[in-house]
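Got your viewer open? Let's take a walk through this structure, one selection at a time.

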Amino acid sequence: MSTRDVLIIGAGAAGSTAAFHLAKRGKKITLLEKNKQIISKPCGGGMASSVQQWFPFDLKPIVEESIKQVEFSWCLSDPIIANLQNSEPFWIVKRENLDEFLRNQAVNSGAELIRPFKVQKLEKHKNIWRVYAEDGRELESKAIVIADGSASPWPRKLKLGPQKQHHASTISIRLKGRGNLREGTAKFEFGLVHHGFAWAFPMQDEISLGIGSFLGENSKINTDSILEKLLPNLGFEIGDGEKIKTSLRVWNGHTNIHGEGIVAIGDAASLSDPFLAEGLRPALMSGYEAAKCLNSFLDGEINDLRSYSKIMKVKWGDSMAWGKRISQVFYRFPKLGYQLGIKRPTAPKRIAQILSGEMSYEDIAQRVIKRLIFSG
Ligand SMILES: Cc1cc2nc3c(=O)[nH]c(=O)nc-3n(C[C@H](O)[C@H](O)[C@H](O)COP(=O)(O)OP(=O)(O)OC[C@H]3O[C@@H](n4cnc5c(N)ncnc54)[C@H](O)[C@@H]3O)c2cc1C
């Protein structure tokens with residue numbers, strides 16, 4: 001059996017990004033994907049255009065819409081409008097298109113893609129990793145990238161990422177047509193969802209509607225009663241669209257996301273934002289950073305992969321630590337949070353900066369938390 005440099009488990013956004021950057025540097029890479037066909041993933045598809053920094057090719061061909069304005073509401077009234085005109089754009093993509101685009105870039109750069117290949121077992125013999133598919137196929141490599149998303153069993157087994165995992169409950173709906181959503185406008189509704197919010201993002205011929213609840217696995221989303229109000233407000237009929245329920249693993253503390261010859265990236269590494277469910281930016285960032293570190297490791301320039309965990313802490317985790325605190329305060333006292341956090345005169349600008357990736361939670365959190373606590 002030939003030994004690959006790296007086997008990547010999961011050919012989603014994170015795995016395909018890592019595969020592209022490793023293959024581009026001449027490493028022998030195989031991407032393993034359990035699904036034979038391209039499937040539509042439950043994801044709003046909103047991402048800061050600053051993700052372009054991690055790719056030498058243009059992402060614009062897959063951008064469905066560039067958001068210029070964000071509308072916030074509390075129980076579908078009390079609107080606040082944030083203008084993004086002076087910020088870096090916020091993009092909406094169709095998730096299946098993003099994943100396919102990145103996968104193709106990886107394959108065109110020399111990565112091998114095997115699908116379907118559902119990884120069932122993973123073990124290490126001396127310095128070589130062995131990966132087994134559920135149908136008995138077996139592959140081996142010098143290093144492993146865990147990129148199989150929110151339901152990945154490996155981080156817990158291999159002690160990568162938080163051992164106490166935290167999940168947001170989500171509902172995702174794709175609606176045919178644009179309803180009354182204006183071009184270049186995304187909507188966030190905070191009052192209707194217990195411990196969370198709902199969003200509506202426009203695409204060329206569809207709307208991506210979602211509901212997320214963030215304060216624990218037992219968060220109950222009263223989907224029907226929310227949709228009864230939300231759908232007509234957006235110009236759709238009650239009952240339109242197919243609902244997909246998922247659980248999203250979110251950031252839950254600073255931890256190592258590397259082991260010996262192995263790293264976790266994207267949702268498998270619990271990187272998604274615990275306040276706004278932003279997971280694409282950290283998925284792409286971690287794919288890029290993991291590949292950079294693995295390249296040096298495979299070239300013998302470094303002895304271990306700890307610099308990957310370190311850089312992700314500085315570039316993402318430190319901000320998420322504040323995102324988690326904000327989430328815990330905001331979603332416990334959402335009305336107050338809306339009044340004091342979102343309705344402030346400076347808030348629309350700050351929100352635009354967060355969505356565009358120009359500003360981190362860390363940059364603004366001290367002020368927000370102080371304000372919430374002292375006004376409560
Ligand atoms: C409802 C909802 C809305 C969201 N909206 C947004 C948004 O608007 N903006 C944003 O930034 N983030 C959003 N997110 C978060 C974002 O979707 C995730 O963070 C992102 O998908 C993470 O990418 P990933 O590559 O880590 O994981 P995934 O996209 O889940 O990819 C994992 C891949 O691994 C494969 N796989 C799984 N198990 C195996 C196995 N055993 N063997 C082989 N392959 C396997 C899967 O088939 C999949 O292709 C949303 C999430 C949800 C649930």
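Which residues lie nearest the centre of the second largest cavity? Select I39, K41, D99, R103 and R115, because those five are the ones nearest its centre, out of 13 lining residues. Keep in mind as you look around that this is a predicted model.

**Stop 1: the hidden space**

Stay with that cavity for a moment. Rolling a probe the size of a water molecule over the atoms shows where empty space is left. A search of the whole structure turns up two cavities of 30 Å³ or more, and the second largest holds about 90 Å³ of space. Try colouring its lining by class: you should get three nonpolar, three polar and seven charged residues.

**Stop 2: an odd peptide bond**

Keep R115 selected and add P116. The peptide bond from R115 to P116 is cis, with omega near 5 degrees. P116 itself sits in the loop between β8 (112–114) and β9 (119–125). For some background, most peptide bonds are trans, and most residues other than glycine have a negative phi.

Now jump to S270 for a phi angle to compare with that background. Phi of S270 is near 55 degrees, a positive value in a residue that isn't glycine. You'll find S270 in the loop between β18 (262–264) and α5.

**Stop 3: the ligand**

Next, click on the ligand and show what surrounds it. There are 36 residues around the ligand, and E33, G44, G46, R95 and D267 come nearest. Sorted by class, this shell has 15 nonpolar, 13 polar and eight charged residues.

Zoom in on the ligand's oxygen atoms and check some distances to the backbone:

- A13: a backbone N or O atom lies 3.2 Å from a ligand oxygen.
- G45: a polar backbone atom is 3.1 Å from a ligand oxygen.
- L280: a backbone N or O atom lies 2.8 Å from a ligand oxygen.

How much of the ligand does the protein bury? Taken alone, the ligand exposes 1,000 Å², and the protein buries 91% of that. To see where the shell comes from, colour α1 (13–24), β12 (166–176), β14 (196–202), β16 (242–250) and α5 (280–298), the elements that each give two or more residues to it.

**Stop 4: a salt bridge**

The whole structure has 28 salt bridges. For one of them, select K94 and E64, whose closest N and O atoms are 4.0 Å apart. K94 lies in the loop between β7 (90–93) and α2 (95–108), while E64 is in strand β4 (residues 63–67), so this pair ties together parts that are 30 residues apart in sequence.

Key: Residues are numbered from 1 along each chain as its sequence is written. This is a predicted model: local features need pLDDT of at least 70, side-chain atom pairs count only at pLDDT 80 or more; totals for chains, interfaces and linings use all residues. Side-chain values use heavy atoms; hydrogens and water are left out. A residue is near a molecule or strand if one of its heavy atoms lies within 4 Å of it. A polar contact is a pair of N or O atoms within 3.5 Å; within protein, one must be able to donate a hydrogen and the other to accept it, and residues adjacent in sequence count only if both atoms are side-chain atoms. Accessible areas come from the Shrake-Rupley method with a 1.4 Å probe; for residues, only the protein chains shown count as cover. Helices (H or I, at least four residues) and strands (E, at least two) are DSSP runs, numbered from the N terminus. Ala, Val, Leu, Ile, Met, Phe, Trp, Tyr, Cys and Pro count as nonpolar, Asp, Glu, Lys and Arg as charged, and the others, Gly among them, as polar. On a 1 Å grid over the protein atoms alone, a cavity is a set of points where a 1.4 Å probe fits but cannot get out, and a pocket is an open set with protein on both sides within 12 Å along at least five of seven lines; lining residues have an atom within 4 Å of a point. Grid points are joined across faces, edges and corners, and a volume is the space filled by probe spheres set on the points. A salt bridge is a side-chain nitrogen of Lys or Arg within 4 Å of a carboxyl oxygen of Asp or Glu.
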